[in-house]
Amino acid sequence: MTSRYRTSQSANSLAPRRRTVVKAAAATAGATLIGAPLAGALPARAADEAPAFLHGVASGDPLPDGVLLWTRVTPTAAAVPGSGLGPDTEVSWTVATDKAFMNVVAKGSTTATAASDHTVKADIRGLAPATDYWFRFSAGGTDSPVARTRTAPAADAAVAGLRFGVVSCANWEAGYFASYRHLAARGDLDAWLHLGDYIYEYGTGEYGTRGTVVRQTAPAHEILTLADYRTRHGKYKTDADLQALHAAAPVVAIWDDHEMANDAWAGGAENHTEGAEGTWAARQAAAKQAYFEWMPVRPAIAGTTYRRLRFGKLVDLSLLDLRSFRSQQVAVGNGEVDDPDRTLTGRAQLDWLKAGLKSSDTTWRLVGNSVMISPFAIGSLSADLLKPLAKLLGLPQEGLALNTDQWDGYTDDRREILAHLRSNAIGNTVFLTGDIHMAWANDVPVNAGTYPLSASAATEFVVTSVTSDNLDDIVKAPEGTISAIASPIIRAANRHVHWVDTDRHGYGVLDITAARAQMDYYVLSDRTKQNATASWSRSYRTRSGTQKVERTYDPV
């Protein structure tokens, strides 16, 4: 990096200790442990039984001529995730154009070993564009479940429309993953985007669950080592709803902080104590290794999730890594948020993003973005709303102006990318965002202070959490009551915000045509119920050429 992007490590710029707040809240609530057993306690099987596919199958990062396939084989009962146990096992895969596998188009095999936690990836090429395929794995005479995947359209194809599921922030202990089940049941997704916090690193009862642990994670302690991270990934992939979504469509995933540790930055994390919890370098390396073992992600550059996918002439999708290269978060009010020597993206990634946006010849430019880019001023909130909102964001509870873990804490990077969009007349840029456990529909203003008189350079759709606590959960108020009060106040202080729902859990469905990009927001009836229903909540769209969000009154 250049000196402009040196990493700040000032002792005066330490981020607030969100973990302390959450742990104290959990202790006060007297969390009750109910639900599933530890991940290590997989179903017992006799030693002479065949290998098993206990963690489902998945696909990801679709290309016009290929897709990445994934599974994990359990060769013996003792070879649970993170154990380092189990023999080398040959695993084969088969890809066909039909679910009955009458027309096989690709097959091959590899060896699953303890060195990769018995996970397997197959990067299949030679497929036809914009085509549904079915695939399965086999080992020792046992077949995995059968799954559907889909290739991307040809790079020069005129595409009438695309549809993506969009999700973020799934805390195992806070509830069930019904959002994944409802997305899987649609049967109409070209792919689905996971915008970060696929897993959480905390020990049981340490992270917000409205005072009750709905189902216990594993391992029970905070994850620190490679074995720990592997075990936690394995636990998540035993979830039937998550397995169903992975079996229904390819995923395009990026990480945020909790795949490593809360409020992670290049040199550490809020939820990491150097020395007592080992070195950050070792913990980060372990987290990343486990992530790439357990996720169907094809890195363009080793050790990072930033990369770009193209879907015909309609969409290119730039995917960001906003943890690996960022400077340390700073406290609000000390002026360092505007320091040009601090970075969220790192110089190389920002240049890559700018170049890709400028050279794009597609109708729409989507940016998979793990933290909100739209400015968010909340200093005018009343004290009874400000304090719980600050707790959710991990911020000081008085004198609050912005969330420094978001782009608000790295304003020079944001100014540079928005100026780039404006000066090069780059339109139809849509940021897709997670992290904040709320749903938003925003214009992204060049100058928030003078908006709406100033221009909007892009738009942003933020999806709420799958299960992780949002504002009403922290206050322990009935769902919807806090949003009814907070949303008008937030919008009054942020005129570029068209809508915000601070309270509900769910997912988004992004539908794109040449004329518009529309986000349909869906909410769950009760995240603590495995059979929770989903219902449409709201829809917003941005029409081609406008760089503005508008409400529309029907889902696609």
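This report covers confidence, backbone features, a buried strand and the nonpolar cores of one protein chain.

**Model and confidence**

This is a predicted model, in which local features need pLDDT of at least 70 and side-chain atom pairs count only at pLDDT 80 or more, while totals for chains, interfaces and linings use all residues. Residues are numbered from 1 along each chain as its sequence is written, and side-chain values use heavy atoms, with hydrogens and water left out.

The protein chain averages a pLDDT of 89, and 86% of the residues score at least 70. Here pLDDT is the predictor's confidence in each residue, from 0 to 100. Residues 1-48 fall below 50; beyond near neighbours in sequence, this stretch has 115 contacts in the model. A contact means heavy atoms within 4.5 Å. Residues 396-401 also have a pLDDT below 50, with 19 contacts beyond near neighbours in sequence. Where pLDDT is low, the predicted coordinates should not be read in detail.

**Backbone features in the loops**

Helices (H or I, at least four residues) and strands (E, at least two) are DSSP runs, numbered from the N terminus. Most residues other than glycine have a negative phi, and most peptide bonds are trans. The table lists exceptions.

| Site | Backbone value | Place |
|---|---|---|
| Ala218 to Pro219 | cis, omega near -10° | Pro219: loop between β10 and α3 |
| Tyr451 to Pro452 | cis, omega near 15° | Pro452: loop between β16 (439-445) and β17 (456-462) |
| Asp197 | positive phi of about 60° | loop between β10 and α3 |
| His437 | positive phi near 60° | loop between β15 (429-433) and β16 |

Burial uses relative accessible area: buried is under 20%, exposed over 50%, partly exposed in between (1.4 Å probe, protein chains only). Asp197 counts as buried because its relative accessibility is 1%. His437 is buried too, with a relative accessible area of 4%.

Thr212 sits in the loop between β10 (191-194) and α3 (226-236). Its relative accessibility is 34%, so Thr212 counts as partly exposed. Thr212 and Thr528 are 316 residues apart along the chain, yet their C-alpha atoms are separated by 9.7 Å.

**Strand β20 and its partners**

In strand β20 (residues 516-524), 9 of its 9 residues are buried. Both faces are covered. One side holds Arg516, Gln518, Asp520, Tyr522 and Leu524; the other holds Ala517, Met519, Tyr521 and Val523.

Two strands pair if DSSP finds at least two bridges between them. Strand β19 (residues 506-512) pairs with β20 in the antiparallel sense over 7 bridges. A hairpin of 3 residues joins β19 to β20. Leu510 stands opposite Met519 in β20. Strand β21 (residues 534-543) runs antiparallel to β20, with 9 bridges joining them. Gln518 has Arg541 in β21 as its bridge partner.

**Nonpolar cores**

A nonpolar core is a set of buried Ala, Val, Leu, Ile, Met, Phe, Trp, Tyr and Cys residues joined through side-chain atoms within 4.5 Å. The largest has 41 residues; Phe177, Tyr180 and Trp192 have the most contacts inside it. At least two residues of this core come from each of α2 (178-186), α3, α4 (240-246), β11 (251-253), α5 (280-294) and β19. Helix α5 gives the most, with 6 residues. Apart from this core lies another, of 33 residues, among them Leu195, Leu317, Leu366 and Trp499.

What does Trp192 touch, not counting residues up to four places away in sequence? Its contacts include Gly165, Val167, Leu242, Leu245 and His246. Ala249, Pro250, Val251 and Val252 are also among them.
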